[in-house]
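Hi,

Here is the structure I said I would pass on. Have a look at it first, and then read my notes underneath.

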Amino acid sequence: FPDLETNGDLSSDDFEYEDEAKLVIFPDHYEISLPNIEELPALVTIACDALLSAKSPYRKQDPDSWEEELQASKHAKTLVQLDNGVRIPPSGWKCSKCDLRENLWLNLTDGSVLCGKWFFDGSGGNGHALEHYKEMGYPLAVKLGTITPDGADVYSFDEEEPVLDPHIAKHLAHFGIDMLQMPVTENGLRDNDIKPRVSEWEVIQEAGVKLKPMYGPGYTGMKNLGNSCYLNAVMQTIFSIPEFQRAYVGNLPRIFDYSPLDPTQDFNTQMAKLGHGLLSGQYSKPPMKSELIEQVMKEEHKPQQNGISPRMFKAFISKGHPEFSSNRQQDAQEFFLHLMNLVERNAVGSENPSDVFRFLVEERTQCCQSRKVRYTERVDYIMQLPVAMEAATNKDELIAYELKRREAEAARRAPPELVRAKIPFSACLQAFSEPNNVDDFWSSALQAKSAGVKTSRFASFPEYLVVQIKKFTFGLDWVPKKLDVSVEMPDILDINHLRARGLQPGEEELPDVAPPIIIPDDPKVRLFYFKASFLAALDIDESAVMQLAEMGFPLEACRKAVYYTGNMGAEVAFNWIIAHMEEPDFAEPLAISAFGGVDSTAAAGLGAVGLDNQPPEEMVAIIISMGFQRNVAIQALKATNNNLERAVEWIFSHPEPEEESESALDAMDMENNVNANILAATGSEEPRIKDGPGRYELFGFISHMGTSTMSGHYVCHLKKEGRWVIYNDLRVCASERPPKDLGYIYFYHRIPS
């Protein structure tokens with residue numbers, strides 16, 4: 001088929017150009033100018049018109065990825081900021097008027113941290129930020145958690161809409177938030193841009209060493225489309241795994257035969273196309289001797305047209321994603337999870353190559369006072385190891401280096417040669433296995449808040465183990481930074497000692513009791529607490545919600561999926577999402593449909609709606625959990641057509657509900673028991689796990705150069721045919737010094753027992 005894509009910049013206003021299209025018939029190279037209705041069959045004409053009208057990723061940006069342009073606030077230029085000494089830390093925020101820790105807004109006038117409005121998806125608050133504006137008149141606020149070097153979410157209470165603040169860097173710096181500003185040296189370079197002589201850029205890219213180019217199948221480079229090296233590194237690693245090679249390249253004829261009319265919007269087609277490009281060897285051929293001689297004679301280097309340009313793949317896989325659809329640098333770990341989500345969603349039949357990464361984590365939570373425990377399981381794809389800085393083996397050198405660095409900075413001299421912290425891998429593994437404190441832990445044994453600790457172990461070991469070194473963090477000045485450390489990763493990794501063991505003899509489980517709900521006397525406050533208690537009564541597993549959200553699904557849809565599958569885990573909830581994602585209310589908040597009657601489409605599949613229009617058992621249980629009698633809950637729901645919010649208001653306005661016959665209540669109980677049985681029978685599918693021994697061998701790692709995930713460069717090293725190979729965008733070379741101690745994400749393969 002004709003190649004209509006071009007690498008040229010066709011969007012420039014400095015040039016005039018004309019498009020000319022021809023149909024070329026091989027092998028005679030016979031050309032027919034288009035359009036040509038007279039000479040061509042109708043089907044050929046239709047195909048040519050479709051190709052010519054297709055929106056190539058080379059020629060345009062997807063307009064769906066652009067949002068309505070925000071306007072600068074009229075208050076930004078003249079905003080008055082109080083000199084009250086307020087400094088905002090980079091984490092641990094809480095509303096100054098209540099205990100909420102989400103949906104918090106920083107007022108840019110006085111530095112108050114207050115909660116926003118309450119929303120049905122549970123992400124809101126008590127509206128204290130708006131109340132503060134009405135009381136004080138301070139117009140602008142920034143949402144905490146959205147601040148990046150590119151800007152932040154700013155809202156104008158006076159203008160009643162999101163706005164731009166052209167002076168956001170200055171306004172944030174007033175409260176000690178230096179996210180957008182870095183000190184500039186006399187030569188105009190930022191301090192972070194001054195590269196030490198032993199920089200990770202040189203070490204990771206193996207600069208200064210003559211590297212031998214590699215050609216052939218599996219040694220094909222990928223063009224950097226502008227900060228797309230994170231995608232290149234991940235895809236090179238993924239297609240070095242046999243399961244992914246078989247699923248896409250091995251099935252390429254079948255995938256192409258059954259591809260939809262628009263293959264540019266089909267995930268499996270795009271994966272097969274990319275995999276074939278990387279593994280076929282057609283785009284990785286060594287130069288001919290005659291070409292080399294010609295280059296030497298002309299004393300010029302003519303780059304080879306090797307490698308592939310994944311523009312169409314990137315345009316499709318990032319469509320609709322606010323970060324990956326941009327041209328900014330991204331986190332390779334987040335892209336890996338996004339890719340696994342798409343693989344899961346588009347798996348055909350029983351073949352799902354992402355199964356090789358999936359494993360179960362057992363979490364053991366213990367009440368420190370009662371010593372009672374609770375065991376839960378969740379699905380994960382990555383083992384995240386903390387960096388144990390306190391275990392550095394070269395602390396004296398680090399102290400001396402820091403002194404020299406400060407002296408050089410004060411004297412405006414060149415910085416001394418870099419000294420990296422050397423962290424033993426065993427210390428990182430030990431930090432992973434140690435108990436962690438649980439914030440705001442409520443002990444069901446004590447019926448009160450208490451100290452709690454959580455320990456994680458492997459309930460299963462995956463076929464391929466992905467290990468992330470958690471190098472990225474925030475400084476006290478809000479500047480995102482990377483821990484420049486050296487962790488000597490082992491070639492052979494044995495984690496069998498981290499195998500979960502379940503409930504042990506002598507351990508006593510925590511009672512399965514929910515925290516009590518206290519309803520205040522004030523009607524307005526009571527209504528807010530009702531809404532909050534409704535969400536709490538849903539008993540949604542937030543860890544499962546976040547796993548699904550990290551895959552790219554809407555947060556509201558993730559909450560509904562976990563709720564409607566009875567907290568059976570992310571894997572079962574994922575199946576619910578796949579079954580319901582085409583529905584028009586897929587991304588609608590769970591609480592909205594619950595207040596107005598449970599969503600019939602979602603609930604019907606789980607028997608949530610009572611038989612003969614009886615109130616759903618879930619709603620009855622929620623009202624009972626608030627302290628009301630069962631017969632009162634049923635009467636209220638029936639009187640309000642199963643509208644949960646109105647049902648509670650009905651209860652408050654009917655302190656003495658009518659009596660119902662005992663037989664009627666028994667009939668309702670019987671019907672609700674039928675619903676409970678239906679609910680219990682659903683969602684029984686277990687996550688597909690490839691369990692086995694926990695002994696692994698390193699076969700690849702992705703490295704990051706730079707000070708933040710939002711900047712820098714990624715490369716990957718892969719072990720192929722017994723030797724290490726570096727993949728640096730289009731450059732694919734035999735590695736001489738693989739920097740295994742400076743990696744960010746490591747890939748291990750299980751050693752057969």
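Below is what turned up when I went through it, starting with the cores and moving on to sheets, salt bridges and cysteines.

One thing before the details: this is a predicted model, so please read everything with that in mind.

**Cores**

The largest nonpolar core has 74 residues, and the members touching the most others are M235, Y248, F336, L339, F357 and L548. Helix α11 (residues 332-345) is the top contributor to this core, giving eight residues. If you want one residue to start from, try M235: leaving aside residues up to four places away in sequence, M235 touches M222, M271, L274, L278, F313, F335 and L339. There is also another core apart from that one, made of 32 residues, including V361, I423, W724 and Y748. None of this will shock you, as nonpolar side chains in soluble globular proteins tend to be buried together.

**Sheets and a hairpin**

Going along the chain, you meet a hairpin made by β1 and β2, with four residues between the two strands. In its turn, H29 has a positive phi of about 55 degrees. Strands β1 (residues 22-25) and β2 (residues 30-33) run antiparallel and are joined by four bridges; within that pairing, L23 has I32 as its bridge partner.

Then there is an open sheet of five strands, ordered β4-β3-β5-β6-β7, with antiparallel pairing. Its edges are β4 (113-115) and β7 (161-163), each of which pairs on one side only. From one strand to the next the twist averages 40 degrees. At the β7 end, β6 (residues 154-156) and β7 pair antiparallel over three bridges, and S156 has E161 in β7 as its bridge partner. At the other end, helix α2 (residues 128-136) lies across β3 (104-107) and β4, and runs at about 120 degrees to β4.

A further open sheet has four strands in the order β9-β8-β15-β12, again with antiparallel pairing. Here β9 and β12 (436-437) are the edge strands with a single partner each, so one side of each has no neighbour in the sheet. Strands β8 and β15 (residues 452-458) pair antiparallel over seven bridges, and T365 stands opposite K454 in β15.

**Salt bridges**

How many salt bridges does a search of the whole structure find? The count is 18. These are the ones I would look at:

- K372 and E508 meet through their side chains at 3.2 Å, N to O. K372 is in the loop between β8 (359-367) and β9 (373-380), while E508 is in the loop between β20 (492-494) and α14 (523-537), so this pair ties together parts 136 residues apart in sequence. E508 is partly exposed, at 47% relative accessible area.
- R499 pairs with D691, with the closest N and O atoms 3.0 Å apart. R499 sits in the loop between β20 and α14, and D691 in the loop between α23 (662-681) and β21 (695-705), so parts that are 192 residues apart in sequence are tied together. R499 is partly exposed, with a relative accessible area of 29%, and D691 is partly exposed too, at 42%.
- E409 and R405 make a salt bridge whose closest N and O atoms are 3.0 Å apart. This pair stays within helix α12 (residues 395-410), four residues apart, or about one turn of the helix. R405 is partly exposed, at 28% relative accessible area.
- E363, R378, D380 and K454 are linked in a network of salt bridges. You met K454 above, in β15 opposite T365.

**Cysteines**

Why does C115 not form a bond with C95? The closest cysteine sulfur to that of C115 is the one in C95, but at 3.8 Å it is too far for a bond; the cut-off for a disulfide is 2.5 Å. The search of the whole structure likewise finds zero disulfides. C115 is buried, with a relative accessible area of 0%. C229 also counts as buried, at 1% relative accessibility.

That's the lot from me. Shout if anything looks odd when you go through it.

Cheers

Conventions: Residues numbered from 1 in each chain as written. Predicted model: local features only at pLDDT ≥ 70, side-chain atom pairs only at ≥ 80, totals over all residues. Heavy atoms only, no water. Core = buried A, V, L, I, M, F, W, Y, C linked by side-chain atoms within 4.5 Å. Buried < 20%, exposed > 50% of the residue type's maximum accessible area, 1.4 Å probe, protein only. Contact = heavy atoms within 4.5 Å. Pairing = 2+ DSSP bridges. Axes fitted to C-alpha atoms, helices over the stretch in contact; angles between N-to-C directions. Salt bridge = Lys/Arg side-chain N within 4 Å of Asp/Glu carboxyl O.
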